[in-house]
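Here is a friendly walk through one protein model, going from its sheets to its helix contacts and then to its ligand. Please keep the structure open beside the text as you read.

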Amino acid sequence: MTKPGPSQLANSEERVTRRRIINNDRYLWIGRARPEDLPWTHKNAVKFASGREALVALLGGIGLGPGDIVLLPAFVPEGVIAPCRVKGLDIHFYSLDRNLDPDWSHLEELATALQPRLAVLIHYFGIRREAGRFVAICHRNGALVVEDLAHAQKLPESSLGADGDFVLHSLTKIVGVADGAVLEMAAAHLLPLKPRPYCDPRRAICIVMNMARLLVTSASRRFGSPAFWSRFWNIFGRFFYSYPILMWYFKRPTPMSGLSKALLARFPWRDAVVKRLRHERRYRADLDGTVFGHLGGVAETGHCTMGYAVVVEQREALFDTLAAQGIYGIWFEYKWDHFPADVVHDDARWVMKHHFLFPTAYALSDEEVKEVIRVANEWAIKQKAGHVAFVTRFHRKPARTARSESMNTGRDRM
Ligand SMILES: Cc1ncc(COP(=O)(O)O)c(C=O)c1O
């Protein structure tokens, strides 16, 4: 997920003294699990190999085809937009504000004018959005709604995902599995979706690569120094990168592998959510609020996020400082820049450039999270010496769309 660059490597060799790397990679975890803790157990749910395959199946299931109109948010991953493109849909983007909430008047305008068949709401970074309001606008205009929970890990008692007609979970982002996604369907929209297993070497390669990656990241919790693992990922990282292979075959939906089902059945889901929530609370309370703008910021109890999201100026400098201490955060930028060439959604682009996710993970101890906060706050103090208070700029009034400039970015963190 995170690939340290050479500059971080040099720094980390000089300075890291801690024995373990700190990141939010997933690990192999064989524990005591309770199937009833999984949020979809009592729902109408189908397991797929990936979220994008689930979306391909869903679009087919509701009969969407070339020219049908779909509304997507302005900041959208390839995993969501590619299935719509594969089906030849007419894609329109609604704007977002600097908190990544929909620009409600723009959404209403588009929905009224276009009468889309489907709209997607992403709970970015696992932070709850106003799904009830979103669904009301879309339903009034005849659109079904997918609530995308790919970045959230929720417990069955959580109300997150209760409003949409369909709910998408992508497991590889939150648990140590080789593949997997779940699509929940509301009772009024039961579709006979049946992902079919078929023999494709690309799928086998993808699973082997992901398992190898899990084995390596799990080993990195126990053996080797952060400097060693930095060097390891620098040299071998590309051999564990299964994304292009997945993009090659996702058009034909397949079921989640038996291996991942077995791993999921042994993952202590509830304990993980509880622990990650504890990490989130600590970040919220202790990170320097004048340098780090908290995205979301509402204390949840029923679901956690995939990492603690902030917006920050000089994100690369923060990354380098943390990486020099064997600590890795992530952001989403590469493969998330799908705005049409002639339109820029200013605020979505701004968040794309400034968000940063601090690690929260079942594998991390409370002490490790305190250590991350300590290093981040020390960096923040130095930043403050040289900058006007950043957070005041974060809250400025959002602008909507404007004329274009190139959206290509470069650094790959996910
Ligand atoms: C918000 C969101 N939804 C859906 C997907 C697609 O899920 P998957 O990677 O399981 O295909 C992604 C992947 O990046 C995502 O970030």
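Two strands count as paired if DSSP finds at least two bridges between them. Please also bear in mind that this is a predicted model.

**The seven-stranded sheet**

With that definition in hand, we can start with an open sheet of 7 strands, whose order is S1-S8-S7-S5-S4-S2-S3 and whose pairing is mixed. Which strands stand at the edges? They are strand S1 (44-48) and strand S3 (90-94); each has a single partner strand, so one side of each is left without a neighbour in the sheet. From one strand to the next, the twist averages 20°.

At the S1 edge, the partner is strand S8 (residues 181-185): the two run antiparallel and are joined by 5 bridges. If you would like a spot to look at in this pairing, find Asn44, which stands opposite Met185 in S8.

Helices pack on this sheet too. H3 touches strand S2 (69-73), S3, strand S4 (118-122) and strand S5 (144-148), and the direction of H3 makes about 170° with that of S2. H5 also packs on the sheet, where it touches S4 and S5; the direction of H5 makes about 155° with that of S5.

**The three-stranded sheet**

Further along the chain there is an open sheet of 3 strands, in the order S9-S11-S13, and here the pairing is antiparallel. Strand S9 (293-294) and strand S13 (355-358) are the edge strands, each pairing on one side only. Between S9 and strand S11 (residues 308-311) there are 2 bridges, in the antiparallel sense. In this pairing, His294 is found opposite Val310 in S11.

**Helix against helix**

Three helix pairs are worth a visit, and the table sets out their geometry.

| Helix pair | Angle between axes | Distance between axes |
|---|---|---|
| H10 (residues 269-286) and H13 (residues 366-386) | about 25° | 10 Å |
| H11 (residues 315-323) and H13 | about 135° | 10 Å |
| H4 (residues 104-114) and H5 (residues 131-140) | about 20° | 9 Å |

Let us take H4 and H5 while that last row is fresh. An angle of about 20° makes H4 roughly parallel to H5, and their crossing is right-handed. On the H4 side the contact is made by Trp104, Leu107, Glu108 and Ala111, and on the H5 side by Arg133, Ile137 and Cys138. By class, these residues are 5 nonpolar and 2 charged, with no polar residue among them.

Next come H10 and H13. Why do these two helices count as roughly parallel? Angles under 35 degrees fall in that class, and the angle here is about 25°; H10 and H13 are therefore roughly parallel to each other. Their crossing is right-handed. In H10, the residues Arg278, His279, Arg282, Tyr283 and Asp286 meet Asp366, Val369, Lys370 and Ile373 of H13. This contact has 5 charged residues, along with 3 nonpolar and 1 polar.

H13 also packs with H11, at an angle of about 135°. That makes H11 oblique to H13, and H11 passes H13 in a right-handed crossing. Here Leu318, Thr321 and Leu322 from H11 meet Val375, Ala376 and Trp379 from H13. The residues of this contact are 5 nonpolar and 1 polar, and no charged residue takes part.

**Around the ligand**

Finally, let us turn to the ligand. Which of the 13 residues around the ligand come nearest? They are Ser50, Gly51, Gly79, Ala150 and Ser170. Helix H2 (51-61) and helix H3 (78-86) are the elements that give two or more residues to this shell. H3 is a helix we have already met, packing on the seven-stranded sheet. In terms of class, the shell around the ligand has 6 polar, 5 nonpolar and 2 charged residues.

How values were computed
Residues are numbered from 1 along each chain as its sequence is written. This is a predicted model: local features need pLDDT of at least 70, side-chain atom pairs count only at pLDDT 80 or more; totals for chains, interfaces and linings use all residues. A residue is near a molecule or strand if its C-beta atom, placed from the backbone, lies within 6 Å of it. Helices (H or I, at least four residues) and strands (E, at least two) are DSSP runs, numbered from the N terminus. Ala, Val, Leu, Ile, Met, Phe, Trp, Tyr, Cys and Pro count as nonpolar, Asp, Glu, Lys and Arg as charged, and the others, Gly among them, as polar. Axes are lines fitted to C-alpha atoms, for helices over the stretch in contact, and angles run from 0 to 180 degrees between N-to-C directions. Angles under 35 degrees count as roughly parallel, over 145 as roughly antiparallel, 65 to 115 as roughly perpendicular and the rest as oblique. A crossing is left-handed if the near helix is turned anticlockwise from the far one by less than a right angle, and right-handed if clockwise. Two residues are in contact if their C-beta atoms, placed from the backbone, lie within 7 Å.
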